[in-house]
Amino acid sequence: LKVVIIDTDLIGRKNHRFPNLACMKLSGYHKGRGDDVALKTDYEGLDKFDWVYLSKVFTDTEVPESILGMENVSYGGTGFFYDKAPKLPDEVEHHMPDYHLYDYWVNEQIKSGKKRSDFKYYLDYSIGFTTRGCFRQCEFCVNRNYKKVVCHSPLDEFLDLSRKKICLLDDNVLGSPHWREILEELQSTGKPFQYKQGMDERLLTDEKCKVIFNSKYDGDYIFAFDNVADYDLIEKKLQLLRKYTDKIPKFYTFCGFDREDKWDAEFWKQDLWDSWKRIELLMKYQCLPYIMRFNRYEESPYRGTYINLAAWCNQPSAFKKKSYREFVEYQQSRHQKECSEMRYLKQVEKDMPELTERYFDMKFMDFARLED
């Protein structure tokens, strides 16, 4: 068969830096059957192929509707179906990914002047899930229909020994009763590994900290602080974490989601308070927030402030050196007229002076000095 695979996020988004695992598994499966497989980066001439697979991760990636109705087209992924995405057949899901599917595209990108490091996940990593699912059932999460963490794939199912590193996409590995066996198997490879989706800080224990922080870990330790209601528990676990590592972890910090489904003016003000309160706690323990905005932040009267927050927090070099106010003032210094960042700051100063006074001048480095 002549098979074409289309990673729609590759076409519809800028700076695509992570391969689509489903696409690589489909390619591996069909190549194993002897089929002729190619990655296609446009939607032209699809009627010439026996089968066309489309996959996307992001819901806002646009795909021509006319393509989806073609008889030889099959499509899937969270980008199309979110939490109701159909699963791949077992013979595909548990097939070794084709890590060479993107080779030609990556080489062309590098030839055009882009950095090799921008494509490290295409070139250097084995990628897969050792577990699937999570018991938290957060309303906003793509995994909200799961009720527990289950073992999914043995490591050798997706481990390419020629690749230097391992990237795990597990949803909540620390929620698995087999977490120790999984981590020890990863350690036994001698390869650096990372959990790209983050780990559940609330589940840390002394035992888990000893294993995690003595691993050959790749990049930032990533956790999440999604709900201010977990404040006391998160602080307790941050104190535990600091017994075992002096590295600077990163915390996905989710904001702009109304758990009471009101979405009124009072919610948006309270959400900013809750966001800054979490940022302050992370600063206190020398951790980095990474702001993740629920898409309805666009409806907020403080939409610009959410953009400012992400711009400040998600650039560690800026966050470590400047207070929020200093960050905005630096942006203003680059403009002759009042910039949008400054307008957003003044709006919050006017509407929430107490928040401004408490949080806008706090600095990461000041907390470091207090700790010393």
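**Figure 1. Surroundings of Arg 17 in the predicted model**. Outside its own sequence neighbourhood, with residues up to four places away not counted, Arg 17 touches Asp 118, Tyr 121 and Tyr 122. Arg 17 is found in the loop that lies between helix H1 (8–12) and helix H2. Its contact with Asp 118 joins positions 101 residues apart in sequence, whose C-alpha atoms are 6.2 Å apart in space. The relative accessibility of Arg 17 is 43%, so this residue counts as partly exposed.

**Figure 2. Helix H2 and its flanking residues**. Helix H2 comprises residues 21–32, and at 1.5 Å a residue these twelve residues should span 16 Å; the end C-alpha atoms are 16 Å apart, which agrees with the expected value. At the start of the helix, a side-chain oxygen of Asn 20 comes to within 3.0 Å of the backbone nitrogen of Ala 22. After H2 comes Gly 34, which has a positive phi, near 90 degrees.

**Figure 3. Burial of helix H2**. Because nine of its twelve residues are buried, H2 is largely enclosed by the rest of the structure. The buried residues are Leu 21, Cys 23, Met 24, Lys 25, Leu 26, Ser 27, Gly 28, Tyr 29 and His 30. Among the elements that cover them are strands S1 (2–7), S2 (36–39), S3 (51–55) and S5 (125–128), together with helix H5 (90–93).

**Figure 4. The three-stranded sheet S10-S11-S12**. The strands of this open sheet follow the order S10-S11-S12 and pair in parallel. Strands S10 (222–224) and S12 (288–293) stand at the edges; each has a single partner strand, so one side of each is left without a neighbour in the sheet. From one strand to the next, the twist averages 30 degrees.

**Figure 5. Pairing of S11 with S12, and the helix packed on the sheet**. Six bridges join strand S11 (residues 250–255) to S12 in the parallel sense. Cys 255 stands opposite Arg 293 of S12. Helix H11 (residues 265–284) packs on the sheet and touches both S11 and S12, and the direction of H11 makes about 170 degrees with that of S11.

**Figure 6. The salt-bridge network that includes Arg 202**. The structure holds 29 salt bridges, and a network of such bridges links Arg 136, Asp 200, Arg 202 and Asp 230. Arg 202 forms a salt bridge with Asp 200, in which the closest N and O atoms are 3.0 Å apart. Asp 200 counts as buried at 7% relative accessibility, whereas Arg 202 counts as partly exposed at 22%. Arg 202 also forms a salt bridge with Asp 230, with the closest N and O atoms 3.1 Å apart. This pair links distant parts of the chain, 28 residues apart: Arg 202 lies in the loop between strand S9 (193–195) and helix H9 (206–212), and Asp 230 in the loop between S10 and helix H10 (231–241).

**Figure 7. The salt bridge between Arg 358 and Glu 280**. The side chains of these two residues meet at 3.3 Å, N to O. Arg 358 belongs to helix H16 (residues 353–359) and Glu 280 to helix H11, so the pair ties together parts that are 78 residues apart in sequence. Glu 280 has a relative accessible area of 17% and is therefore buried, the cut-off being under 20%. Helix H11, which carries Glu 280, is the helix that packs on the sheet against S11 and S12.

Definitions and conventions. Residues are numbered from 1 along each chain as its sequence is written. This is a predicted model: local features need pLDDT of at least 70, side-chain atom pairs count only at pLDDT 80 or more; totals for chains, interfaces and linings use all residues. Side-chain values use heavy atoms; hydrogens and water are left out. Two strands pair if DSSP finds at least two bridges between them. Helices (H or I, at least four residues) and strands (E, at least two) are DSSP runs, numbered from the N terminus. Axes are lines fitted to C-alpha atoms, for helices over the stretch in contact, and angles run from 0 to 180 degrees between N-to-C directions. Contact means heavy atoms within 4.5 Å. The expected span of a helix is 1.5 Å times one less than its number of residues. Buried means under 20% relative accessible area, exposed over 50%, partly exposed in between (1.4 Å probe, protein chains only). A polar contact is a pair of N or O atoms within 3.5 Å; within protein, one must be able to donate a hydrogen and the other to accept it, and residues adjacent in sequence count only if both atoms are side-chain atoms. A salt bridge is a side-chain nitrogen of Lys or Arg within 4 Å of a carboxyl oxygen of Asp or Glu.
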